[in-house]
Amino acid sequence: MKVEIDGISLEAQPDELLLIDLINRTGGSVPHVCYHPQLGPVQTCDTCMVEVNGHLIRACATAAVEGMIVSTKSTKAAAAQVEAFDRILSNHMLYCTVCDNNNGNCTVHNTTKLLAIEHQQIPFRTKPYEVDNTNPFYRYDPDQCILCGRCVEACQNVEVNETLSINWEDPNPRVLWDGGSTIGESSCVSCGHCVTVCPCNALMEKTMLGHAGFLTSLKKSALSGMIEVVKGVEPETGYGSILQVSEAEHAMREHRIRRTKTVCTYCGVGCSFDVWTKDRHILKVAPEHGPANGISTCVKGKFGWGHINSEDRLTTPLIRENGKFRQAGWDEALGLVARKLTDIKAKDGPDSVAFISSSKCTNEESYLMQKLARAVIGTNNVDNCSRYCQSPATVGLFRTVGYGGDSGSISDMEKADLVVIVGSNTAESHPVIATRVKSSHKLDGQKLIVSDLRENEMARRADLFLHPKPGTDLVWLSAISRYLLDSGLAHTKFLDQWVNGLEEYRKSLEPYTLEAAARLTGLSEQTIRTVAHMIAEAKRMCILWAMGVTQQSQGSDTSTAISNLLLITGNYMRPGTGAYPLRGHNNVQGASDHGSMPNMLSGYQSVDDPEVRRRFETGWKVKLPSSKGLDNHEMVEAIHEGKLKAMYLIGEEMSIVDSNANYVGAAFEKLDFFVVQDIFFSNTCRYADVVLPGAPSLEKEGTFTSTERRIQRLYQVLEPLQGCKPDWLIIRDVANKLGADWNYQHPSEIMDEIASLTPMFAGVNYDRLAGYKSLQWPVAADGTDEPLLYTKRFAFPDGKARLFPVSWIGPTDQPNAEFDLHLNNGRLLEHFHEGNLTYRTEGIREKTPDVFVEVSPELAEERGIQSGTWVQLISRYGKVRLRALVTDRVQGKELYMPMNSVESPVNRLTSSHTDPVTNTPAYKETSVHLNVLPEVGESPLPRINSRFGHPTPQNGVEVERKWKRPDYAPPGNGNGLVQLQTKK
Ligand code: SF4
Ligand code: SF4
Ligand code: SF4
Ligand code: FES
């Protein structure tokens, strides 16, 4: 298709809808204020007017048409652009020199310059509203708000929290939270999308205010005085010279503000962003180019960095002496570690020592940790916390399709016609993935089925919410598989071509009739049938699951049942399909990928494969142990049995995140020698003999691997705090004290070694990962990666997938007369896990200060409980005391307890039962007795928590309502405007 723009002839693609992109391609420029590439056309600002065949149109929202002749500079277009922008300036006071947003990227500033505006025709007028400072992380200044609506579009259609709107019909429109609440009391989840996309200073991170500029920390009165001076000179000098002054000030900022790319330290979504810093002060987190997240983050990634400069960071090694810790130098502490490990190894053998790697640390650190265990100590006793969550999903996928990772990318979840979520509180645990599903569901007709015990946000949005009895997902999944096969609704062509084991699998499904499934799960036969038909009718289905599935005694089998169902419906090998076990920690995928497992070296290469061992022995120049080591569950048992004497643990709060915490703590007390490496004095440090201060993600280089198998680089944002060291350096130094000769000077050298020994990562190197570039494993030697797995074959020798029969046994730790309530547990949006990092961000603490137990309205009435009532929960393994929160998110005799507590951790209540295949604790199978205590306190969730808000869903900014205002006319008085708008 040929289009002419300002006399330049251009090829346009038929699907190239945005004229603005074409114009940019010519190297020309047309002003655009409300348009944002990741939001699409918002159409509120009218500054992008261009002339086509004598008519004015909005360039941002118009599709190119064959033969179109476009002028961006005609008199008519230029006049319309200036007129539109003049209206914008009437809503915004230009005081750039003393504005914290004067950083070269302010759209209002840059458009003033682009259009060479010297004077405003319409004077600035204030709006009759106060600045809203009620959110701890950002503030809204209505007087600076140009009503572009980007924030509304982002909140309604990208984040899909549906908090923001603009009251277009009001004489003085503004952005509204929940239709008119303060921000602090609204449904705003502080994800920061709106702040990120705001083109000016109307929405700003509080950490920027008074910090970014040279003059912006002045007192308000002095600042107002300066603004007046600036405004005073404008009639004489025009904006040109004022902008020059502000640009000089911006140039000075360039020397002291650093912008460094990193990857989020919290969950497995893998959001990446620039961190803006001034010395050690974090000015803001700016997501823009992240391959997984674009402009998206959740509250933790955007604002949860209080731990970095927290005063209680560990800054010196500690050594226990006479029952107390004393400070020590690095040399002394590492010398002691080496001496004790050497002695214990000499006395009790290498297998009396064990290593726990961290899923918060980098791939390179995880690799070094297992190398330390295997090559230096000589044991395969090494594991990481994926055992607590993801191992069963990995097994389910290994059994059926061959690779133990998500079969596609987040973009595939967006493309699916049907998303089924099983046992995942996606909106809180993987918030940015949830935004993609919520958006496709809201805007593109994607269907959503959610199976969970709790009516979480995704369940409330779902087309169908299933609430099966606890621990019965395997049953309804298998019943659907049987029903589809029996009814001829399975994908036989796909099965014939790509799948082995159908007959045996079909036989294994015999017990799973609809009647039996209804009896065991409590779902009706009709409901199961409806789900089956929705699945059969969907052209592309993705199944997402998480700890609600994997932390059960049959987590591996249920994960297998999910993959079986995907296979019989042909939902692999194509975009928009596949299996997505959502990984919890930022690098829990990478920790296992890089060999911190008792049976696998990096890239899932088995320790008992002589060929594999030979390769590593040659590379590492040592003899390696050949039999599988202890996993973390077995390590605890081995300590109790007196077989395991010493442990070196990095960055894991194992004493409270492992199940049956009292039992784990009692084990740690029995260790002869215990080294804990962390950034804070965690609960686990209490049991240590030596504590080593590591460094958080912002203080080191390396790579993380997210849930979609995406390897991304993090760059060092800050120098390690005085006294701390990046964890890879500490492990290197420990190894060298133990007699190794490791010379790594930079994590890139470690990655080069990994690539040389690991076929799955053969093509990974730091150059290929530079900046925002990423690779999704497996990565061939030439750098080719696989965002979507199995496009040509499954990862088995014959290229075919395998149906793997499983059968339901039923959960452990069942309720009885004494322990009569089922206790479920999981994450909260605001806190990560036990909250060791997130409680150190003041705003998060303010909004979500404490743990609680959710009690259903029915149970609350029966037991006389209200929100704030103190209760004691007693299980067969321990007890905790905490406040109740009455909510209809839970039903009947089912309770829910989030994990965000060190003082009353849920794992005092959980058992030592495990999934026998992986030894993953059955965290979700816990029965408790509830005692109502006499004290009644305040509700554990304060009124300012977003859960009390009332969202106002609408389809984006609804600009049509603006156009209907009696005082609105398109620029040029509507003269010739053609509304050719096309929306997403
Ligand atoms: S939820 Fe809050 S922070 Fe997130 S986009 Fe909406 S208003 Fe902004
Ligand atoms: S607050 Fe919203 S409407 Fe106002 S300028 Fe910022 S993005 Fe635009
Ligand atoms: S916690 Fe997860 S969703 Fe939130 S910003 Fe970090 S990676 Fe993204
Ligand atoms: S950029 Fe705002 S209407 Fe086109």
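How many salt bridges does a search of the whole structure find? In this predicted model, the search returns 52 salt bridges. Side chains of opposite charge can pair when their charged atoms come close. Three of these contacts serve here as a guide to the charged side chains.

One pairing involves Glu455 and Arg460, whose closest N and O atoms are 3.8 Å apart. That separation qualifies as a salt bridge because the cut-off is 4 Å. Glu455 is partly exposed, at 27% relative accessibility, and Arg460 is likewise classed as partly exposed, at 45%.

A second salt bridge joins the side chains of Arg461 and Glu457, with 3.0 Å from N to O. Both residues belong to helix H15, which covers residues 457-461, and because they are four residues apart in that helix, about one helical turn separates them. Glu457 has a relative accessibility of 28% and counts as partly exposed.

A comparable arrangement occurs in helix H18 (residues 502-508), where Arg506 and Glu503 are three residues apart and thus separated by about one helical turn. Their side chains form a salt bridge with an N to O distance of 3.7 Å. Glu503 is exposed, with 51% relative accessibility, whereas Arg506 is partly exposed, with 32%. Elsewhere, salt bridges with shared partners link Glu162, Lys438, Lys442, Glu457 and Arg461 into one network. The Arg461 and Glu457 pair described above thus reappears among the members of this network.

Attention now turns to the ligand and the cysteines. The residues surrounding ligand 1 include Cys155, Cys188, Cys191 and Cys194, together with Tyr138, Trp177 and His193. Asn161, Leu164, Val189, Ser190 and Gly192 are also part of this shell. By class, the shell comprises eight nonpolar and four polar residues, with no charged residues.

How many disulfides does the count come to? The count is zero. Cys200 illustrates the point: the closest cysteine sulfur to its own is that of Cys198, at 4.0 Å, which is too far for a bond because a disulfide requires the two sulfur atoms to lie within 2.5 Å. Cys200 is buried, with a relative accessible area of 3%. Cys148 is also classed as buried, at 7% relative accessibility.

The aromatic side chains form a further set of contacts, and the search of the whole structure finds 23 aromatic pairs. In one of them, the ring centres of Tyr572 and Tyr790 are 5.9 Å apart and the ring planes lie at 85°, so the pair is edge-to-face. Tyr572 is in the loop between helix H22 (555-568) and strand E22 (578-581), while Tyr790 is in the loop between strand E30 (774-776) and strand E31 (801-802); the pair therefore ties together parts that are 218 residues apart in sequence. Both partners are buried: Tyr572 has 1% relative accessibility, and Tyr790 has a relative accessible area of 2%.

Tyr572 and Tyr790 also belong to one aromatic cluster, together with Phe398, Tyr403, Phe494, Trp498, Tyr604, Trp777 and Phe794. Trp777, a member of that cluster, is in addition partnered by a charge: the charged end of Arg709 sits over its ring, 5.6 Å from the centre. A contact of this kind is also found at Trp276, where the charged end of Lys284 sits over the ring at 4.3 Å from its centre.

Key: Residues numbered from 1 in each chain as written. Chains lettered and ligands numbered in written order. Predicted model: local features only at pLDDT ≥ 70, side-chain atom pairs only at ≥ 80, totals over all residues. Heavy atoms only, no water. Buried < 20%, exposed > 50% of the residue type's maximum accessible area, 1.4 Å probe, protein only. Helix = DSSP H or I, 4+ residues; strand = E, 2+ residues; numbered from the N terminus. Near = heavy atom within 4 Å. Nonpolar A, V, L, I, M, F, W, Y, C, P; charged D, E, K, R; others polar. Phe/Tyr/Trp six-rings, centres within 6.5 Å; stacked < 30°, edge-to-face > 60°. Lys NZ or Arg CZ within 6 Å of the ring centre and 35° of its normal.
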